[in-house]
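Subject: Structure handover and notes

Hello,

Here is the structure I said I would pass on. Please have it open while you read the notes under it.

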Amino acid sequence: MITLFGVGCLVFLVVCALVVARTRDLLAATVVFAAYSLVMALVWQQLQSPDVAITEAALGAGITSLLFLLAIGRTRRTEDEEG
Amino acid sequence: MEISLGLFLRLNYLVAITLFLIGLHTMLTHSNLIKKVMGMNIMETGIFLFLVSIGYARQSLAPIVDQGDGVIYANPLVSAIVLTGIVIAVSTTAYTLSMIVKLYERCGTLDVDRLERLRT
Amino acid sequence: MLKHLPVLLTVMPLAGAFLVPVFGRSGRGHRMALVTVAVTLLAAVTMLGITAGGEVLRYRVGDWPPPWGIELRVDALGALLASFFALVYLAVTIFAGRDIPGELNPASVHWYWSLLLLLLAGINGVVTAHDLFNLFVFTEVFSLAACGIISIRDRLDSLEAAIKYLILSAVAAGCILLGIALVYMVTGHLNLSYLAAELPMAARLYPKNVLAMVALLTTGFALKSALFPLHVWLPDAHSSAPSPSSALLSGLVVKVGIVALIRLFTTVFTGPVIAALPVPVFMIVMAVGGIIFGALFAMTQRDLKRMLAYSTVTQVGYIYLGFGLLNETALTGALLHIINHALLKSMLFMCAGLFIHRTGKRRIADMAGLARHMPLTMSCFTIGAMAMVGIPVTNGFVSKWHLVLGTLHGGQPLLAGVILLSSLLSSIYYFPVVVAGWFGHPASPPPPGPEGPPSMVWPIVALASLCLILGVWPHLPLRLLGDVARTLLGR
Amino acid sequence: MQQAFEFPTAMPALIVLIPMVGAVLAYWVGLRWESVRNWLCVLVAGASLVLCLSMYPFIREGGVVVTRLPVLLPLGLSFRVDVLGYLLSSLTAAIWLLATFYSLDYMKGEHGVNRYYAFLTLTLSGALGTFMAGDLFTFFLFFELMSLPAAVLVIHEETREAVQAALKYLFMTIGGSLFFFFSLVATYQLSGSVALGTKGLITVATPLSFLTFAGFLISLGVKAGMVPLHMWLPDAHPVAPSPASALLSGIMIKTGAYGMLRVMYEVYGLEFLQRTGWNSVLLTLSVITILMGSAVAITQFDLKRRLAYSSIGQMGCILLGMSLMSERALTGDVFHFFADAVAKSCLFLCAGVILKRTGKRDIRQFAGIGHLLPVTMACFTVSALTLVGIPPLNGFVSKWQLSLGAFDAGMPAYALALLASSMLNAAYYLPIVLTAFFDRSVQKEAPAVGVALNPIVKKGAIGWQLGSIEASAIMLVPMVLLALSCAVFALSPQNWPLRLAEMAARLLMQ
């Protein structure tokens with residue numbers, strides 16, 4: 001599976017993870033995290049685990065992101081606490 | 001020595017471990033609670049990637065449709081483990097986030113250090 | 001029916017946990033929980049009767065044979081632990097019946113019973129599981145449930161402690177899961193017996209993988225069981241939870257991680273696998289740290305429940321010490337201490353709970369003169385304190401005897417010194433409380449009335465008497481645990 | 001080595017059990033009927049004494065009374081009463097009986113009497129069990145059973161200083177018992193057995209066996225008030241009620257020395273200690289204890305504190321006697337257990353009367369007190385002279401034997417330590433006696449504050465009469481009996497404690 005696409009996906013994953021870890025804007029982090037989960041589902045699809053991929057797309061990218069959005073909606077958008 | 005070399009060659013193992021470490025680092029060093037939960041998710045997907053890669057290890061096909069003898073399937077046990085893992089991860093996330101929201105309603109902060117200072 | 005006993009240990013409470021929220025509103029939940037726990041206790045004791053002779057009960061979930069299917073196993077150790085855990089559970093559940101409705105808002109009381117049963121299911125699951133993945137799943141189940149019974153009180157400190165616990169618990173889960181992935185990678189098995197057969201070969205082929213795996217699993221379970229210096233979550237969590245929760249958390253939940261590790265290290269990571277690894281030495285060092293620092297921190301506490309929580313860190317250190325020595329006497333001592341400490345610490349937390357329930361105060365200084373109003377509670381607390389210090393005729397003495405003898409068997413008199421030093425430190429923080437309780441003068445006496453509702457007093461008294469009985473007549477658990485330790489160490 | 005006859009009877013277990021049950025019973029009875037409880041406690045102590053004495057026929061034939069209860073506790077319990085154990089347990093029961101009897105009057109009108117009696121009786125069980133223990137484990141068990149309830153006796157007054165003294169006592173006792181625990185486990189590890197009466201469980205000198213010896217020395221030294229581990233003693237003994245102080249100083253600290261005796265001669269064995277010379281550690285410490293205890297006693301003006309320091313000095317003599325390792329020294333040693341127990345209990349009981357009747361603790365205010373309390377002070381004088389070692393009292397006999405033993409052991413220098421002890425004892429006891437009887441300088445002053453409460457003494461303010469505030473018969477009888485026994489046994493040709501001490505010494509030296 002070491003195709004160029006696969007390698008690209010993997011690199012994308014790492015970059016996404018780093019962005020999620022570094023950005024101060026929680027909403028942006030959530031969006032990037034959703035993209036990360038979708039790419040992860042793609043990678044798993046390529047690894048011949050379609051069932052896992054579907055679950056990840058639904059639960060990881062869908063529900064988890066939704067949960068984060070709800071939580072951010074009820075709390076605050078950035079990490080910086082001005083007061 | 002063999003396997004660690006193999007590990008190095010196999011990009012997905014490397015990526016999986018990298019993701020695990022990024023997640024762990026985020027969880028332990030960030031003071032923002034929501035960020036910690038994101039780190040937790042990244043860490044867990046890293047482990048799942050690792051597991052799925054193990055299942056794939058033998059150049060196999062998906063074990064869904066019987067494709068005749070002599071075909072090597074990806075290990076179904078791994079899929080089962082990862083599925084269970086994803087469910088646990090999502091429920092943990094949901095639970096933690098709900099508590100975080102409650103905490104925020106009480107004291108208006110998501111910052112662990114600030115919480116610590118509030119208490120003393 | 002008898003055939004299904006092992007799975008009953010987990011399925012009963014699990015079923016209860018789902019039924020209680022549905023049918024258990026308005027006070028019925030407590031009765032349902034009680035019945036469930038009692039039945040579980042009965043099942044565990046029955047199995048203890050069967051396995052005491054050395055027989056091992058194997059159960060295949062859904063009749064799938066082991067390499068693929070899930071296998072549960074109950075040996076004498078499992079049955080003994082399950083029995084004592086269920087016994088403590090019963091006492092705590094009875095106690096909680098009067099304590100919890102006053103602590104929580106009425107809408108969430110039935111959820112509390114549900115979580116309590118879920119926790120029991122998780123604990124029993126870990127005790128009976130015979131494959132790594134189930135071990136992981138049940139560990140997660142009990143962690144989430146434990147978190148639930150901490151945070152259910154809906155107060156700031158409980159929430160904060162619960163989040164702290166949950167996050168560290170997630171780290172632990174990550175470590176365990178990655179460890180499991182590595183195991184699976186090198187052996188292709190998860191069933192403990194198959195692993196035990198495969199691992200020596202794997203250890204020769206992939207030593208680094210096995211090293212990483214052992215390290216990850218050890219760290220994960222050590223975090224769950226609050227081995228020093230991974231104990232940081234424990235004092236907050238155990239002191240801010242409602243008292244029955246604290247009793248269960250300190251008495252049972254931290255032990256479960258240790259039980260899992262003992263299982264792994266005695267069935268899977270044996271002989272050649274860990275011969276090259278310094279894990280036991282590491283454990284001993286950490287245990288010594290926990291024993292000393294737990295005691296030192298406990299000495300500086302002003303809050304009764306925090307003091308008890310730090311004392312748990314010390315006691316966990318004792319268990320790890322006995323375990324890390326890996327000789328028969330020490331392991332017997334460690335296993336015995338798991339039981340003894342479960343009885344003791346839950347009893348002490350219930351004493352604290354009753355004290356808080358009655359007076360609304362929780363500082364140690366407020367306990368002065370308590371014996372005038374709550375003599376039975378104070379007597380039980382005294383027994384508990386004596387057992388913690390390890391004074392003869394209490395059960396704490398018996399386990400300490402074995403632990404110290406074990407250190408000498410292992411040729412480590414210095415470690416015996418550590419145990420004794422920490423006993424002295426224990427006496428320094430427990431006895432002033434006892435002395436003040438009996439002979440001090442209360443600043444403001446509690447409201448007049450009886451000592452407490454009988455359903456809160458008698459569970460405490462029952463556990464305290466059990467501590468004394470096991471102290472004077474420890475032969476039944478000792479004989480069993482001696483056999484278990486011999487079997488586990490493969491002699 | 002000749003094998004002693006063993007008589008398996010349940011007697012020792014019964015003797016231990018009676019006070020244990022009695023204590024619980026006393027507590028419950030005492031909630032309703034106070035006088036029934038008081039007499040019950042006296043009866044329990046009396047029954048223990050009678051049962052102890054009834055073992056005499058076995059002991060006389062050189063036998064050993066043995067009870068084994070293997071089903072309890074990890075190692076099982078066992079009792080083994082040989083002549084030494086017999087002497088000390090009978091002595092314990094006797095002094096307990098007298099102290100309890102004395103308490104009948106002394107404790108009247110005090111607070112927490114119910115608790116006092118229950119714990120006094122419980123402690124008796126522990127002390128008897130300690131002296132009759134057949135193995136180190138049983139010894140340890142009863143040692144604890146005696147030491148911990150004794151903390152309740154120390155704390156009895158519930159004042160600030162009592163609580164502090166009790167906490168200090170508790171911590172040091174528990175610390176000591178942990179050392180004992182270590183040595184106990186180590187002995188088990190080294191020899192696979194902890195049974196007493198075998199002459200030499202540990203036979204090889206290794207670092208661990210030395211650690212074990214050190215552990216025993218420290219733990220038993222704490223209990224025996226050996227310098228530098230005596231810190232708790234001068235605080236704890238004075239604050240307890242006087243009958244309890246009498247028992248603490250008279251009996252309970254002896255258990256430490258008794259344990260040391262057993263450890264040296266039965267766990268290690270004479271030959272082993274002679275070979276390794278480890279007893280010299282104890283020898284040195286005991287001389288320091290004698291000199292320190294006695295010297296500090298001179299500087300104390302609180303009567304009970306002075307007595308407490310005197311106890312430390314006397315324990316030094318006892319420890320010295322056992323580390324000299326000669327038969328005559330041991331005879332003197334065992335007899336000194338007896339002499340000191342009797343005299344020291346008597347002194348504390350007298351101190352109790354003085355405190356109760358005049359309210360005075362400071363010996364500088366004792367002028368003329370001998371005329372107010374003639375019988376009490378007479379008893380005090382006799383006991384004090386015993387401890388000084390004036391012939392022909394008990395103390396002289398024991399010190400004489402000890403000194404001879406020092407010569408036998410080829411270490412005559414240690415006889416000097418004993419002589420110094422006697423002289424220092426004289427220096428702090430005789431002034432009390434002299435002030436009490438012969439100092440008339442302050443006699444015409446008004447009585448001290450505490451005395452004003454006593455109507456008889458009010459009359460005394462205009463002119464004190466001989467014996468005007470003398471103690472009641474209940475308090476007098478125990479004191480007189482104890483004082484008499486200081487003289488009677490030494491004077492009588494049938495000095496049976498000395499005979500028993502000789503037998504015990506022979507047994508230990510075998």
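The notes below go through the chain contacts, the nonpolar cores, chain B and some local features.

Please keep in mind throughout that this is a predicted model.

Chain contacts

Three pairs of chains are in contact, and the pair that shares the most contacts is A and B. Chain A does not touch chain C, the nearest C-alpha atoms of the two being 15 Å apart. Chain A does not touch chain D either, and there the nearest C-alpha atoms are 50 Å apart.

In the contact between chains B and A, 45 residues come from chain B and 42 residues from chain A. Together these two chains bury about 3,800 Å², and carbon and sulfur atoms account for 74% of that area. On the chain B side, B:K35, B:M38 and B:Y56 supply 14% of the area buried against chain A, more than any other three residues. One salt bridge is found across this interface. A:R74 forms a salt bridge with B:E105, with 2.9 Å between the closest N and O atoms.

Chains C and B meet through 32 residues of chain C and 37 residues of chain B. The buried area here is about 3,400 Å², with 78% of it on carbon and sulfur atoms. C:E160, C:Y184 and C:M185 supply 19% of what chain C buries against chain B, more than any other three residues. Zero salt bridges are found across the interface of chain C and chain B.

Nonpolar cores

The largest nonpolar core has 445 residues, and the members that touch the most others are A:W44, B:L49 and D:M322. Helix α6 of chain C (residues 156-187) gives the most to this core, namely 23 residues. As background, nonpolar side chains tend to be buried together in soluble globular proteins.

Which residues of chain A does B:L49 touch? Leaving aside residues up to four places away in sequence, B:L49 touches A:L10, A:L13, A:M40, A:V43, A:W44 and A:L47. From its own chain, B:L49 touches B:N12, B:V15, B:A16 and B:L19. A second core, separate from the largest one, has 12 residues, including D:L283, D:L320, D:A415 and D:L418.

Chain B

Chain B has five helices and zero strands, so the order of its elements from the N terminus on is α-α-α-α-α. Chain B has 120 residues, and 52% of them count as buried. Among the contacts in chain B with a separation of 6 or more, residues 24 or more positions apart account for 53%. Chain B exposes about 5,200 Å², of which carbon and sulfur atoms supply 63%.

Surface patch

A nonpolar patch on the surface is formed by C:I469, C:V472, C:W473, C:L476 and D:V71, with about 450 Å² of accessible area together. The chain D member, D:V71, sits in the loop between β2 (63-69) and β3 (77-81).

Local features

Two cis peptide bonds may be worth a look. One runs from C:F228 to C:P229, with omega near 0 degrees. C:P229 is in the loop of chain C between α8 (207-224) and α9 (234-240). Another cis bond joins D:V227 and D:P228, with omega about 5 degrees. D:P228 belongs to the loop between α8 (207-224) and α9 (233-239) of chain D.

Positive phi values also turn up in residues other than glycine. Phi of C:V393 is near 70 degrees, and this residue is in the loop between α15 (375-389) and α16 (395-409) of chain C. Phi of D:E158 is near 60 degrees, and D:E158 is in the loop between α6 (136-154) and α7 (160-191) of chain D.

Is D:E158 buried or exposed? D:E158 counts as buried because its relative accessible area is 16%, and the cut-off for buried is under 20%. C:V393 has a relative accessible area of 29% and is therefore partly exposed.

The last residue to mention is C:G102, in helix α3 (residues 76-103) of chain C. C:G102 is exposed, because its relative accessible area of 65% is over the 50% cut-off. C:G102 and C:H357 lie 255 residues apart in sequence, with 8.5 Å between their C-alpha atoms.

Regards

Notes
Residues numbered from 1 in each chain as written. Chains lettered and ligands numbered in written order. Predicted model: local features only at pLDDT ≥ 70, side-chain atom pairs only at ≥ 80, totals over all residues. Heavy atoms only, no water. Core = buried A, V, L, I, M, F, W, Y, C linked by side-chain atoms within 4.5 Å. Buried < 20%, exposed > 50% of the residue type's maximum accessible area, 1.4 Å probe, protein only. Helix = DSSP H or I, 4+ residues; strand = E, 2+ residues; numbered from the N terminus. Contact = heavy atoms within 4.5 Å. Areas by Shrake-Rupley, 256 points an atom, 1.4 Å probe, with all protein chains shown as cover. Patch = residues over 30% accessible without salt bridge, like charges linked within 9 Å, V, L, I, M, F, W, Y side chains within 5 Å. Salt bridge = Lys/Arg side-chain N within 4 Å of Asp/Glu carboxyl O. Buried area = accessible area lost by both parts, 1.4 Å probe.
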